[in-house]
Amino acid sequence: MRCALSRYFHHLRRLAATAALILCGALVADASAATKAPQAFEASYRLKVSGWPSATITHHLSQEGNHWRSDMRFSIAVVSGEERSRFSVADNTTRALLYNSSYSLFGIGNDYQLKEGELTTLDRQTALFDLSRRAGNEHCTEAAPCDVRFLDHEGDEEHYRYYLDSQQPISVPAGKFDARNVVLLNAEKRDRELHLSFHPDWPGLVLSAEYIKNGERETQIALTEFKPDGGTTP
């Protein structure tokens, strides 16, 4: 049972956030590329992990003075988790300021924090936002992917390679949306990859995500509800 729960948390931390799980960052941007300004929103996703009942992830992106905050959390039966990051945005640059996460089973679990001085690159919540802005604005192809580096919840650096797969619209439970569809390949573990779809006009908004290992989909996220804070719903 402990092994199964450990595996469950492993997938959630990799995607919930990305939520947990979802992730990515520290990309070298084309200085001339125009990136979208952040906009506040609330979203909900359906999370499916192989062998477990589905759960709901809530995602809030909000502005706090000169900073932005990304907050993702989920709860299923006696299991819960949360990731929060605070970051600043200036033109094409995203700067991580603070990252917190917690996971618990029966009310017992672990809390993690990375302060600004420990954030040698972007945490995965901030990196998820950053990648969603840059996707489509960089020359990253399957033949010549871009490096993606970010810090996990314990501050260890993870390394992926990313490319834009297509810009075809996709359909999810919340509706049909324009999308930028990207693929992330684990640089050290070739059998693992992450497929992410972002909305081009709402930085940080995940439309769908799939974590694939050995050719099999182990974890899936799909947008079920979207509430923009002002502006027009896409």
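The following dialogue takes a visitor through a predicted model of a protein structure.

Visitor: On what basis are residues numbered, and what pLDDT do local features need?
Guide: Residues are numbered from 1 along each chain as its sequence is written, and side-chain values use heavy atoms, with hydrogens and water left out. As this is a predicted model, totals for chains, interfaces and linings use all residues, side-chain atom pairs count only at pLDDT 80 or more, and local features need pLDDT of at least 70.

Visitor: Which strands stand at the edges of the open sheet?
Guide: Strands are DSSP runs of E with at least two residues, helices are runs of H or I with at least four, and both are numbered from the N terminus. Two strands pair if DSSP finds at least two bridges between them. The open sheet has 12 strands with antiparallel pairing, in the order β8-β7-β6-β5-β4-β3-β16-β15-β14-β13-β10-β9. Each edge strand has a single partner, so one side of it is left without a neighbour in the sheet; these strands are β8 (108–115) and β9 (146–151).

Visitor: Which residue in β6 stands opposite R73?
Guide: Strand β5 (residues 67–76) and strand β6 (residues 79–90) run antiparallel and are joined by 9 bridges. Opposite R73 in this arrangement stands E82.

Visitor: What angle does the direction of helix α2 make with that of β7?
Guide: Helix α2 (residues 124–134) packs on the sheet and touches several strands, including β4, β5, β6 and β7; contact means heavy atoms within 4.5 Å. Axes are lines fitted to C-alpha atoms, for helices over the stretch in contact, and angles run from 0 to 180 degrees between N-to-C directions. With the direction of β7, that of α2 makes about 130 degrees.

Visitor: Which residues do ring pairs link into a cluster?
Guide: Rings of Phe, Tyr and Trp (its six-membered ring) pair if their centres lie within 6.5 Å; planes under 30 degrees apart count as stacked, over 60 as edge-to-face and the rest as tilted. F41 and F226 form a tilted pair, at 5.7 Å centre to centre and 55 degrees between the planes. The centres of W202 and F226 are 5.1 Å apart and their planes stand at 80 degrees, so this pair is edge-to-face. The cluster linked by ring pairs consists of F41, W202 and F226.

Visitor: What is the relative accessible area of F41?
Guide: Buried means under 20% relative accessible area, exposed over 50%, and partly exposed in between (1.4 Å probe, protein chains only). F226 is buried at 11%, and W202 is buried at 4%. F41 is also buried, with a relative accessible area of 2%.

Visitor: Is the disulfide of C140 and C146 left-handed or right-handed?
Guide: A disulfide is a pair of cysteine sulfur atoms within 2.5 Å, and C140 and C146 have an S to S distance of 1.9 Å. C140 is buried at 4% relative accessibility, as is C146 at 18%. The torsion about their S-S bond is about -90 degrees, so the disulfide is left-handed.

Visitor: What is the phi of N214?
Guide: N214 lies in the loop between β15 and β16, and at 56% relative accessibility N214 counts as exposed. Although N214 is not a glycine, its phi is positive, at about 55 degrees.
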